[in-house]
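Student: Hey, got a minute to go through this fold with me? I'd like to start with the helix packing.

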Amino acid sequence: MKQIVLYASKGGNTGKIADEIAQELMCESVKVTQTNLANSVDLDSCDLIFVGTGIQYGNPNQDIVDYLKTVSLKKPKVFALFLTWGGAGKTKQDVIAKLKTILETKGNRVSEDYFVCYGGWNFLRRGHPNREDTQAARVWAKKIANTNI
Ligand SMILES: Cc1cc2nc3c(=O)[nH]c(=O)nc-3n(C[C@H](O)[C@H](O)[C@H](O)COP(=O)(O)O)c2cc1C
């Protein structure tokens with residue numbers, strides 16, 4: 001059962017959570033950017049794929065969107081989503097819905113159980129993700145891995 005964590009992160013908040021999940025599950029964590037778009041990653045060899053992003057103006061990070069749109073898998077996979085955000089309105093639901101649509105359109109299954117925590121920027125939500133957030137992310141990841149094998 002191979003797992004991987006893919007994420008895009010402008011300010012590092014989502015990266016922090018991604019690394020905690022990867023440590024908990026003892027798997028690789030890969031940052032997706034416009035220049036690498038995780039080219040080196042063989043997703044076909046993975047059974048469970050974690051995808052994380054911060055929210056920018058109600059949207060997922062464009063790097064992860066571009067990557068997920070272009071990725072072509074031999075067989076559909078199971079995905080689990082995680083977010084860091086500032087807590088603005090229903091942007092959380094919007095972002096989950098957008099990512100789900102991209103993945104499900106290609107026949108993949110997306111776990112209904114996603115993880116979200118605050119991620120600070122400037123003076124807002126300062127200190128997040130904090131230790132409580134990273135611990136909660138680890139618990140969530142373990143649960144997802146145990147229920148999707
Ligand atoms: C330019 C900008 C736009 C943002 N837009 C939103 C938003 O629409 N909704 C929200 O809840 N948080 C918003 N945030 C907060 C980020 O989603 C939050 O800080 C997140 O942790 C950033 O993740 P990253 O550091 O991994 O990029 C915004 C932050 C910035 C800097």
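**Helix packing and beyond**

Tutor: Sure. This is a predicted model. Helices α2 and α3 are roughly parallel to each other.

Student: What's the angle between α2 and α3, and how far apart are their axes?

Tutor: About 15°, with the axes 9 Å apart. Here α2 covers residues 62–70 and α3 covers residues 91–105. An angle under 35 degrees counts as roughly parallel, so that label fits α2 and α3.

Student: Is the crossing of α2 and α3 left-handed or right-handed?

Tutor: Left-handed. On the α2 side the contact is made by V65, L68 and K69, and α3 brings in L99, I102 and L103.

Student: How do the residues in that contact of α2 with α3 divide by class?

Tutor: Five are nonpolar, one is charged and none is polar.

Student: OK, other pair. How do the axes of α1 and α4 cross?

Tutor: At roughly 50°, coming within 9 Å. That makes α1 oblique to α4. Helix α1 is residues 13–25 and helix α4 is residues 131–147. The crossing of these two is right-handed.

Student: Which residues make that contact?

Tutor: From α1 you get K16, I17, E20, I21, E24 and L25. From α4, it's T134, A137, R138, A141, K142 and A145. By class, the contact of α1 with α4 has six nonpolar, five charged and one polar.

Student: Switching to the ligand. Which residues come nearest?

Tutor: G11, T14, G54, G86 and G119, out of 20 residues around the ligand.

Student: And which elements each supply at least two residues of that shell?

Tutor: α1, β3 (48–56) and β5 (78–85). In the shell, 14 residues are polar, five are nonpolar and one is charged.

Student: Now the backbone oddities. Which peptide bond is cis?

Tutor: The one from H128 to P129 is cis, with omega near -5°. P129 sits in the loop between β7 (115–118) and α4.

Student: And which residue in that loop between β7 and α4 has a positive phi?

Tutor: N122, which is in that loop, has a positive phi of about 50° although it is not a glycine. Y57 is another non-glycine with a positive phi, near 50°, and Y57 lies in the loop between β3 and β4 (59–60).

Student: Why does Y57 count as exposed?

Tutor: Because Y57 has 6 C-beta neighbours inside 10 Å, and 12 or fewer counts as exposed. N122 has 8 inside 10 Å, so N122 counts as exposed too.

Conventions
Residues are numbered from 1 along each chain as its sequence is written. This is a predicted model: local features need pLDDT of at least 70, side-chain atom pairs count only at pLDDT 80 or more; totals for chains, interfaces and linings use all residues. Axes are lines fitted to C-alpha atoms, for helices over the stretch in contact, and angles run from 0 to 180 degrees between N-to-C directions. Helices (H or I, at least four residues) and strands (E, at least two) are DSSP runs, numbered from the N terminus. Angles under 35 degrees count as roughly parallel, over 145 as roughly antiparallel, 65 to 115 as roughly perpendicular and the rest as oblique. A crossing is left-handed if the near helix is turned anticlockwise from the far one by less than a right angle, and right-handed if clockwise. Two residues are in contact if their C-beta atoms, placed from the backbone, lie within 7 Å. Ala, Val, Leu, Ile, Met, Phe, Trp, Tyr, Cys and Pro count as nonpolar, Asp, Glu, Lys and Arg as charged, and the others, Gly among them, as polar. A residue is near a molecule or strand if its C-beta atom, placed from the backbone, lies within 6 Å of it. A residue is buried if 20 or more other C-beta atoms lie within 10 Å of its own, exposed if 12 or fewer, and partly exposed in between; C-beta atoms are placed from the backbone.
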